Amino acid sequence: MTAAEYAERAGLWVIVAIGFTIPISTAFDNVLVAALLVCFIASGRFGKKWAALRANPFVLLPCGLFLLHLAGAFYSMGTARDILYALDKASVVLLILVVIALNPGKKLRDRALYAFMAATLLTLVLSFALWLGIVPEGGIFKGVRPNPTVFKGHITHGVFMAYAAFVLALAAINAAKPGTKALLALLAGLSMFNVLFMVHGRTGQLVLLALALYFLMSVYGGRGVLAAAAAGLLIGAAAYLSPSSSLHQRTLTTIKEFEHWRAGKPATMANMRLEAWTNSVQLVRQHPVIGVGTGGFATAYAKQVYGTIMPPLGQPENQYLLTSVQFGVVGLAVLLALFGAQWHLAARLGSRTETQLARGLVIAMVVGCFFNSFLRDHTEALFYAWLSGLLFAGLRPAASRG
C-alpha cells in the first residue's frame, strides 16, 4: 500500500471519528477536521476526487452557498474581522465536498453513523444519570439536574437527541429480531422522553415533533397521516399537561414572551429574539436584493438600533433572517434551494433508510434554522456538513435505484 493509499484510508477513518466527537467535544472536532484535510491533500488522486464531485449534482449547492459568501465579502459593510469570521463559518459546508470526494463506501458510512449514535447514547445515559441524581452536577456536565444536558448546551443536546430518536425508530422498524426491535424502540422512547420531559430546549422539541410526523408518514404512508396527527396530539398533550415537563415550562415561557414583548421597548434576555427578528426584517427591507454583505450583520444591526435602548447583536437567532440580511432575496433563494435540492436528491440514495435519514436531516435543519443560526453555530453546522457529505456520497445516477 502506498503512502497516498494510507492517507486516504486514514481520512476515511477520521470521518468515522468525527461522528463520535460531534456530540461531545468542539476541541476534538477541530483537531479531526484538520486531520481530515491533511489526509485529503496527502492522499492525492485529485483526478479521481474531481470525477466523484463532478458526478454528484448535490455538491453544486454547497459550492454556491460558499461562493455567495465570497462574493458578499467584496461589498460587505462589516469589519475585516467580521468578514473573515463569517467566511470561516461558511467554509464548513465545503466539508461536504471533502467527504464526497473521498467516496466512503456503504460499510464505512454505516460505521460513521454508528459512531454518532454511540456518542448520543452515551449522552443519553449520562443525562439520565444526572437527572436521577446518580452522578453529581459539574465536571463534564454542562447542565444541572433540572436541565440535564451533558456535553453541549440544551439546544444542541435537544436537536441531537431528537435526531437520534428518529434514527433509532427507523432501526427498530427495520430490525428483524423481536428482541432487537424492542430494545431499539425502548431507546427511541427514552430519547424522546429526554427531549420532551427533561431538557429545556424548545428547538429540540419542535424538531422531534416534526421528525415524528415525518417518520409516521414515511413509514406508514397514507395511514401515517392520521397516526401522525393522533400521536402528535397525544405526545404533545401528555408533555404539556405534565407540570414538571420541560415542554410545559417552555411553552408557558414562550406565551409570556409574546405577551410582554413590545417593539422598541426594553427586551429581556428571554424575548431578545423577538426584538432581533423585528429589526432584521427592517434591514431586509432596506437591502432587499443582495443584502449588506458577508459578515455585515453586526454593523448593519448596530446602525439600526443606534440611539435606542436596544443592544447591538451579532446574529438574529434565525438562519433565514441572517442569510437574508447578508445576501438579500438572492441568498435566501440559495439557502432554500440547498435544502430543497437535498430533499429531492435524497430519493436517489442507495436505500430507503438513507433517503429517510437524509430527509430527516433536512427537516431538523429547516425547523432548527427558524430559531437559531445553525449554519453559523459550530456543532450544528459541522453535523449538517458531515452527515450530508456522508449520505450523499452514496448518491446514485438518476433513475438507478430500484
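Ala, Val, Leu, Ile, Met, Phe, Trp, Tyr, Cys and Pro count here as nonpolar, Asp, Glu, Lys and Arg as charged, and the others, Gly among them, as polar. Keep those three classes in mind for the cavities. The model is predicted.

Start with the empty space inside. Rolling a probe the size of a water molecule over the atoms shows where such space is left. The count comes to 2 cavities of 30 Å³ or more.

The largest cavity has a volume of about 60 Å³. Its lining is made up of P23, T120, T123, V150, F151, K152, H157, F160 and M161. Sorted by class, that lining holds 5 nonpolar, 3 polar and 1 charged residues. Two helices, α7 (106-131) and α8 (154-174), each supply at least two residues of the lining of the largest cavity. The largest share, 3 residues, comes from α8.

Now turn to the second largest cavity. About 50 Å³ of space lies there. The residues that line the second largest cavity are V159, F160, L361, A364, M365, F374, E380 and F383. Here the classes divide into 7 nonpolar, no polar and 1 charged. The helices α8, α16 (352-368) and α17 (378-392) each give at least two residues to this lining. The most comes from α16, with 3 residues. Look at F160 in both lists: F160 lines the largest cavity, and F160 also lines the second largest cavity.

Next come the charged contacts. How many salt bridges does the count give? The count comes to 5 salt bridges. Three of these pairs are worth a visit.

Take E5 and R45. Their side chains meet in a salt bridge, at 3.0 Å from N to O. E5 lies in helix α1 (residues 3-21) and R45 in the loop between α2 (26-42) and α3 (46-54), so the pair ties together parts that are 40 residues apart in sequence. Both ends can be reached in part from outside the protein: E5 is partly exposed, with a relative accessible area of 30%, and R45 is partly exposed, with a relative accessible area of 34%. The pair also belongs to a wider set, as E5, E8, R45 and K48 are linked in a network of salt bridges.

Move to helix α7. The side chains of D110 and K106 meet in a salt bridge, at 2.8 Å from N to O. Both residues lie in α7, 4 residues apart, about one turn of the helix. D110 counts as partly exposed, at 24% relative accessibility. K106 is partly exposed as well, with a relative accessible area of 41%.

Helix α7 takes part in another pair. E354 and R109 meet through their side chains in a salt bridge, at 3.3 Å from N to O. This pair links distant parts of the chain: E354 in helix α16, R109 in helix α7, 245 residues apart. Are E354 and R109 buried or exposed? Both are buried. Buried means under 20% relative accessible area.

Finish on the surface. Y75, V289, I290, V329 and V330 form a nonpolar patch there. Together these residues have about 410 Å² of accessible area. To find the patch, go to V289, which lies in the loop between α13 (272-286) and α14 (297-305).

Methods. Residues numbered from 1 in each chain as written. Predicted model: local features only at pLDDT ≥ 70, side-chain atom pairs only at ≥ 80, totals over all residues. Heavy atoms only, no water. 1 Å grid on protein atoms, 1.4 Å probe; cavity = no way out; pocket = protein on both sides within 12 Å on 5 of 7 lines; lining within 4 Å. Points joined across faces, edges and corners; volume = space filled by probe spheres on them. Patch = residues over 30% accessible without salt bridge, like charges linked within 9 Å, V, L, I, M, F, W, Y side chains within 5 Å. Areas by Shrake-Rupley, 256 points an atom, 1.4 Å probe, with all protein chains shown as cover. Salt bridge = Lys/Arg side-chain N within 4 Å of Asp/Glu carboxyl O. Buried < 20%, exposed > 50% of the residue type's maximum accessible area, 1.4 Å probe, protein only.
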